[in-house]
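User: I am new to this structure and would be grateful for a close look at a single part of it. Please concentrate on the aromatic rings and on the elements that carry them.

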Amino acid sequence: MPHIVFGERIDLEDFSKKFTEIFQKEPFLMKITNIFIDKEKLTALLPTIVISEIHQQFLIEISTRKSKTTIRLYPNTDPEKTDGVKTSMALLAQQIMNHYPGFEITKTNLSDYLAMVIKN
């Protein structure tokens, strides 16, 4: 399962105010326009659309715990793990790092995708 873990806890309410739409046309269409936070402010869901060879709609989940934040695919939507799906997660991580420059990734299996979006 693709995931990105930060060694710090994100304030999801603060991030939701700073969140800006992610939209990309090339090399595949990708769109993340909203963020929804649960009432405990521990989990956020972001509806995501990726169109490449196939059209996929799924949710990216940001979950917080005492000393970490994890970005992963919401298990109930389970999209095919295409380059577009993995890139959408990396772009979300990039936005978090832009808003919170002190955050560091402590664990991930998406290093190649993170390197690609951060260099652009």
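Analyst: What follows describes the aromatic cluster, then the helices beside it in the account, and lastly the salt bridges.

The model is predicted. In it, the count of aromatic pairs comes to 4. One of them joins F6 and F103, whose ring centres are 5.8 Å apart with the planes at 50°. A pair counts as tilted when this angle is neither under 30 degrees nor over 60, so the rings of F6 and F103 are tilted. The two residues come from distant parts of the chain: F6 belongs to strand β1 (residues 3-6), whereas F103 sits in the loop between α2 and β8 (105-108), 97 residues apart. F6 is buried, its relative accessible area being 0%. F103 also counts as buried, at 14% relative accessibility.

A further aromatic pair is formed by F15 and Y100, again tilted, with 6.5 Å from centre to centre and 50° between the planes. This pair too links distant parts of the chain, since F15 lies in helix α1 (residues 12-18) and Y100 in the loop between α2 and β8, 85 residues apart. Both F15 and Y100 are buried. Taken together, ring pairs link F6, F15, F19, Y100 and F103 into a cluster.

Helix α2, which is named in both loop descriptions, covers residues 83-99. Its 17 residues reach 24 Å from the first C-alpha to the last, close to the 24 Å expected at 1.5 Å a residue. Of these 17 residues, 13 are buried, so α2 is largely enclosed by the rest of the structure.

Helix α1, the element that holds F15, also contains a charged pair. The side chains of K18 and D14 meet in a salt bridge, at 3.1 Å from N to O. K18 and D14 are 4 residues apart in helix α1 and are therefore separated by about one helical turn. K18 is partly exposed, with a relative accessible area of 31%, and D14 counts as partly exposed at 26%.

The whole structure has 3 salt bridges. Another of them joins R72 and E61, with the closest N and O atoms 2.5 Å apart. R72 lies in strand β7 (residues 69-73) and E61 in strand β6 (residues 55-64), so the pair ties together parts that are 11 residues apart in sequence. Here R72 counts as partly exposed at 29% relative accessibility, while E61 counts as buried at 7%.

Note on methods
Residues numbered from 1 in each chain as written. Predicted model: local features only at pLDDT ≥ 70, side-chain atom pairs only at ≥ 80, totals over all residues. Heavy atoms only, no water. Expected span 1.5 Å × (residues − 1). Buried < 20%, exposed > 50% of the residue type's maximum accessible area, 1.4 Å probe, protein only. Phe/Tyr/Trp six-rings, centres within 6.5 Å; stacked < 30°, edge-to-face > 60°. Salt bridge = Lys/Arg side-chain N within 4 Å of Asp/Glu carboxyl O.
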